[in-house]
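Thanks for passing this one along. Please have a look at the model below, and then we can go through it together.

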Amino acid sequence: DRRGKPFVGRAGHLLDAMLAAVGLSRTAEDPANGVYIANILPWRPPGNRTPTEEEAAVFLPFIERHITLAAPERLLLLGNTPLRALTGQTTGITRARGAWRPHPPTGVPLIASFHPAYLLRTPAKKREAWADFLEIADALALPLNPPPHSATRGSPPG
């Protein structure tokens, strides 16, 4: 909240590494490699708890407008909160991740994956998240930029 940016700290570093591994960056000068990030809520709920359905519903028109204005080629939803808010789906992220579906109001293809903070707490899920990022790279026809310690397409960053 103090920085006014989503995904900072360790989770932000992991997200940046995962994005870079598939040729994307939130600071890219070339829009073809750029990523626009928005949160469901513009601030963290007290105690950094998960937003309630009511809180997400209040801000849903704003995030939907962000999507309309940004006109993305694809949407990546990180975690249960955006999955539920933007799709109305009640299935958890573990079951819903990795499959493309249309964003209900716009039809923009979206894929869900694990939130980077969850991956830091549950490193065994990094391989599944990496598969999701490979799906994104394939969908956008991006060349991969594997991290120096990763020699193969099958190795997750971080």
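Here are my notes, from the overall fold down to single elements.

1. To begin with the basics, this is a predicted model. The protein has six helices and three strands, and reading from the N terminus the elements come in the order α-α-β-α-α-β-β-α-α.

2. Now some totals for the protein. Of its 158 residues, 34% are buried. The accessible surface is about 9,200 Å², and carbon and sulfur atoms contribute 55% of that area. If you take the contacts between residues at least 6 apart in sequence, 54% of them connect residues at least 24 apart.

3. How are the three strands of the sheet ordered? The sheet is open, its order is 1-3-2, and the pairing is mixed. Strand 1 and strand 2 (101-102) sit at the edges, each pairing on one side only. On the sheet packs helix 6 (residues 126-139), which touches strand 1 and strand 3 and whose direction makes about 165 degrees with that of strand 3.

4. Looking at the pairs one by one, strand 1 and strand 3 run parallel and are joined by four bridges. Here Leu75 stands opposite Leu110 of strand 3. Strand 2 and strand 3 (residues 109-113) run antiparallel, with two bridges between them, and Pro102 has Pro109 in strand 3 as its bridge partner.

5. The hairpin of strand 2 and strand 3 deserves a quick look at its backbone angles. Six residues lie between the two strands, and Gly107 in this hairpin has a positive phi near 80 degrees.

6. Why can strand 3 be called largely enclosed by the rest of the structure? The reason is burial: four of its five residues are buried, so the remainder of the structure largely encloses strand 3.

7. Helix 2 (residues 53-70) has a feature you may want to inspect on screen. Its 18 residues reach 24 Å from the first C-alpha to the last, close to the expected 26 Å. Along the way helix 2 bends by about 45 degrees at Phe59, with the proline Pro61 following within four residues. After the helix comes Ala71, with a positive phi near 45 degrees.

8. Which residues of helix 2 are buried? They are Ala56, Phe59, Ile63, Glu64 and Ile67, so Phe59 belongs to this set as well as marking the bend. In an α-helix there are 3.6 residues a turn, so residues three or four places apart point the same way. The buried residues of helix 2 pack against strand 1 (75-78) and helix 3 (80-87).

9. For helix 6, the end C-alpha atoms are 20 Å apart, which agrees with the 20 Å that its 14 residues should span at 1.5 Å a residue. Just after helix 6, Ala141 has a positive phi of about 55 degrees.

10. The buried residues of helix 6 are Lys126, Ala129, Trp130, Asp132, Phe133, Leu134, Ile136 and Ala137. What do these residues pack against? Their partners are helix 1 (9-21), helix 5 (116-121), strand 1 and strand 3. Strand 1 also takes contacts from the buried residues of helix 2, so both helices are worth showing when you view that strand.

Key. Residues numbered from 1 in each chain as written. Predicted model: local features only at pLDDT ≥ 70, side-chain atom pairs only at ≥ 80, totals over all residues. Heavy atoms only, no water. Expected span 1.5 Å × (residues − 1). Bend = angle between axes of the 7 residues up to and from the residue. Buried < 20%, exposed > 50% of the residue type's maximum accessible area, 1.4 Å probe, protein only. Contact = heavy atoms within 4.5 Å. Areas by Shrake-Rupley, 256 points an atom, 1.4 Å probe, with all protein chains shown as cover. Pairing = 2+ DSSP bridges. Axes fitted to C-alpha atoms, helices over the stretch in contact; angles between N-to-C directions.
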